[in-house]
Amino acid sequence: DNLQSQTYEVFEKDPIKYSQYEKAIFEALRTEHKESASVCIVVVGAGRGPLVRCALRAGERASKTLRVYAVEKNANAIVTLRNAEATEWKGKVKVIEADMREWEAPEKADLLVSELLGSFGDNELSPECLDG
(Lines give C-alpha, C1' and ligand atoms only; values in the text may rest on other atoms or scores of the structure.)
Protein backbone atom coordinates (compact mmCIF):
# COMPACT_ATOMS: atom_id res chain seq x y z
CA ASP A 1 0.00 0.00 0.00
CA ASN A 2 2.73 2.49 0.88
CA LEU A 3 4.98 3.20 -2.09
CA GLN A 4 8.66 3.68 -1.44
CA SER A 5 10.32 7.05 -2.00
CA GLN A 6 12.24 5.69 -5.00
CA THR A 7 8.97 4.85 -6.75
CA TYR A 8 7.77 8.43 -6.43
CA GLU A 9 11.16 9.68 -7.67
CA VAL A 10 10.85 7.62 -10.87
CA PHE A 11 7.40 9.01 -11.69
CA GLU A 12 8.36 12.58 -10.72
CA LYS A 13 11.27 12.61 -13.19
CA ASP A 14 8.93 13.17 -16.14
CA PRO A 15 8.77 16.95 -16.67
CA ILE A 16 6.72 16.63 -19.86
CA LYS A 17 3.94 14.74 -18.08
CA TYR A 18 3.66 17.37 -15.36
CA SER A 19 3.82 20.18 -17.90
CA GLN A 20 0.84 18.58 -19.65
CA TYR A 21 -1.04 18.18 -16.37
CA GLU A 22 -0.46 21.86 -15.60
CA LYS A 23 -1.65 22.89 -19.08
CA ALA A 24 -4.78 20.75 -18.70
CA ILE A 25 -5.58 22.23 -15.29
CA PHE A 26 -5.00 25.74 -16.62
CA GLU A 27 -7.28 25.11 -19.61
CA ALA A 28 -10.00 23.72 -17.34
CA LEU A 29 -9.74 26.81 -15.14
CA ARG A 30 -9.70 29.14 -18.14
CA THR A 31 -12.61 27.53 -19.98
CA GLU A 32 -14.81 25.44 -17.68
CA HIS A 33 -14.44 27.77 -14.70
CA LYS A 34 -13.95 31.11 -16.45
CA GLU A 35 -16.83 32.72 -14.53
CA SER A 36 -15.62 31.48 -11.12
CA ALA A 37 -13.25 33.62 -9.09
CA SER A 38 -12.66 30.76 -6.65
CA VAL A 39 -12.29 27.08 -7.58
CA CYS A 40 -12.04 23.94 -5.44
CA ILE A 41 -9.42 21.48 -6.68
CA VAL A 42 -9.04 18.07 -5.07
CA VAL A 43 -5.88 16.11 -5.83
CA VAL A 44 -6.47 12.48 -4.92
CA GLY A 45 -3.49 10.21 -4.51
CA ALA A 46 -1.39 13.35 -4.11
CA GLY A 47 1.84 11.44 -3.50
CA ARG A 48 4.61 13.89 -2.68
CA GLY A 49 2.80 16.81 -4.30
CA PRO A 50 3.79 17.29 -7.94
CA LEU A 51 0.17 17.61 -9.09
CA VAL A 52 -0.55 19.98 -6.22
CA ARG A 53 2.26 22.20 -7.50
CA CYS A 54 0.83 21.97 -11.03
CA ALA A 55 -2.58 23.02 -9.75
CA LEU A 56 -1.17 25.97 -7.80
CA ARG A 57 0.87 27.22 -10.77
CA ALA A 58 -2.11 26.82 -13.11
CA GLY A 59 -4.35 28.70 -10.68
CA GLU A 60 -1.85 31.53 -10.47
CA ARG A 61 -1.59 31.73 -14.26
CA ALA A 62 -5.38 31.73 -14.56
CA SER A 63 -5.70 34.38 -11.82
CA LYS A 64 -7.95 32.11 -9.75
CA THR A 65 -8.25 31.80 -6.02
CA LEU A 66 -7.98 28.10 -5.29
CA ARG A 67 -9.10 25.88 -2.44
CA VAL A 68 -6.84 22.86 -2.82
CA TYR A 69 -7.14 19.56 -0.98
CA ALA A 70 -4.29 17.04 -1.27
CA VAL A 71 -5.64 13.62 -0.30
CA GLU A 72 -3.09 10.87 0.34
CA LYS A 73 -3.10 7.67 2.38
CA ASN A 74 0.63 6.86 2.29
CA ALA A 75 2.06 7.90 5.65
CA ASN A 76 5.51 8.37 4.12
CA ALA A 77 4.20 10.74 1.46
CA ILE A 78 2.13 12.61 4.06
CA VAL A 79 5.35 13.66 5.80
CA THR A 80 6.55 15.28 2.56
CA LEU A 81 3.16 16.89 1.91
CA ARG A 82 2.95 18.34 5.42
CA ASN A 83 6.45 19.75 5.08
CA ALA A 84 5.49 21.41 1.78
CA GLU A 85 2.27 22.65 3.38
CA ALA A 86 4.25 24.38 6.12
CA THR A 87 7.23 25.69 4.14
CA GLU A 88 6.17 26.06 0.51
CA TRP A 89 2.39 26.27 0.23
CA LYS A 90 1.81 28.22 3.46
CA GLY A 91 -1.92 27.75 3.91
CA LYS A 92 -2.83 27.36 0.24
CA VAL A 93 -3.32 23.58 0.51
CA LYS A 94 -5.13 21.38 3.00
CA VAL A 95 -3.30 18.07 3.35
CA ILE A 96 -5.67 15.22 4.16
CA GLU A 97 -4.32 11.89 5.38
CA ALA A 98 -7.02 9.48 4.25
CA ASP A 99 -8.00 6.82 1.76
CA MET A 100 -9.79 8.75 -0.99
CA ARG A 101 -12.52 6.08 -1.06
CA GLU A 102 -13.44 6.83 2.55
CA TRP A 103 -12.77 10.58 2.80
CA GLU A 104 -15.81 12.79 3.22
CA ALA A 105 -15.02 16.01 1.35
CA PRO A 106 -16.21 19.19 3.07
CA GLU A 107 -17.26 20.62 -0.30
CA LYS A 108 -17.80 19.45 -3.85
CA ALA A 109 -14.73 19.56 -6.07
CA ASP A 110 -14.89 21.76 -9.14
CA LEU A 111 -11.89 19.90 -10.51
CA LEU A 112 -10.67 16.43 -9.52
CA VAL A 113 -7.04 15.68 -10.35
CA SER A 114 -5.48 12.24 -10.12
CA GLU A 115 -2.37 10.41 -11.22
CA LEU A 116 -2.88 6.87 -10.10
CA LEU A 117 0.26 4.92 -10.92
CA GLY A 118 0.36 2.08 -13.37
CA SER A 119 0.07 1.21 -17.03
CA PHE A 120 -3.57 0.16 -17.05
CA GLY A 121 -6.78 1.90 -16.00
CA ASP A 122 -7.38 -0.67 -13.28
CA ASN A 123 -4.06 -0.32 -11.43
CA GLU A 124 -4.17 1.10 -7.90
CA LEU A 125 -7.93 0.47 -7.79
CA SER A 126 -8.46 3.36 -10.25
CA PRO A 127 -12.12 2.58 -11.04
CA GLU A 128 -12.97 2.08 -7.38
CA CYS A 129 -11.15 5.24 -6.32
CA LEU A 130 -12.61 7.51 -8.96
CA ASP A 131 -16.17 6.18 -8.73
CA GLY A 132 -18.17 8.86 -6.99
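**View 1. Strands 1 and 2 lie side by side in parallel.** In this predicted model, strand 1 covers residues 38-44 and strand 2 covers residues 65-72, and seven bridges join the two. Want one pair to look for? S38 has T65 as its bridge partner in strand 2. As background, strands in a sheet pair through backbone hydrogen bonds, and the pairing can be parallel or antiparallel.

**View 2. Four strands make an open sheet with the order 3-2-1-4.** The pairing in this sheet is parallel. Strand 3 (93-97) and strand 4 (111-114) sit at the edges with a single partner strand each, so one side of each has no neighbour in the sheet. On average, neighbouring strands are turned by 20° against each other, ignoring direction.

**View 3. Helix 3 and helix 4 pack on the sheet.** Start with helix 3, residues 50-61: it touches strand 1, strand 2, strand 3 and strand 4. The direction of helix 3 makes about 175° with that of strand 2. Helix 4, residues 75-89, touches strand 2 and strand 3, and its direction makes about 165° with that of strand 3.

**View 4. Here are two cysteines, C40 and C54, both buried.** C40 has a relative accessibility of 0%. C54 has a relative accessible area of 0% as well. Both count as buried because the cut-off for that label is under 20%. If you're hunting for disulfides, the structure holds zero of them.

**View 5. S63 sits in the loop between helix 3 and strand 2.** Its phi is near 55°, a positive value in a residue that isn't glycine. With 65% relative accessibility, S63 counts as exposed, since the label asks for over 50%.

**View 6. K90 sits in the loop between helix 4 and strand 3.** K90 isn't a glycine either, yet it has a positive phi of about 40°. At 61% relative accessibility, K90 is exposed.

**View 7. Stepping back, the chain has five helices and four strands.** Follow the chain along its sequence and you get the pattern α-α-β-α-β-α-β-β-α. Of its 132 residues, 42% count as buried. Take the contacts between residues at least 6 apart in sequence: 77% of them join residues at least 24 apart. On the outside, the chain exposes about 7,800 Å², with carbon and sulfur atoms supplying 49% of that area.

Methods. Residues are numbered from 1 along each chain as its sequence is written. This is a predicted model: local features need pLDDT of at least 70, side-chain atom pairs count only at pLDDT 80 or more; totals for chains, interfaces and linings use all residues. Side-chain values use heavy atoms; hydrogens and water are left out. A disulfide is a pair of cysteine sulfur atoms within 2.5 Å. Buried means under 20% relative accessible area, exposed over 50%, partly exposed in between (1.4 Å probe, protein chains only). Two strands pair if DSSP finds at least two bridges between them. Axes are lines fitted to C-alpha atoms, for helices over the stretch in contact, and angles run from 0 to 180 degrees between N-to-C directions. Contact means heavy atoms within 4.5 Å. Accessible areas come from the Shrake-Rupley method with a 1.4 Å probe; for residues, only the protein chains shown count as cover.
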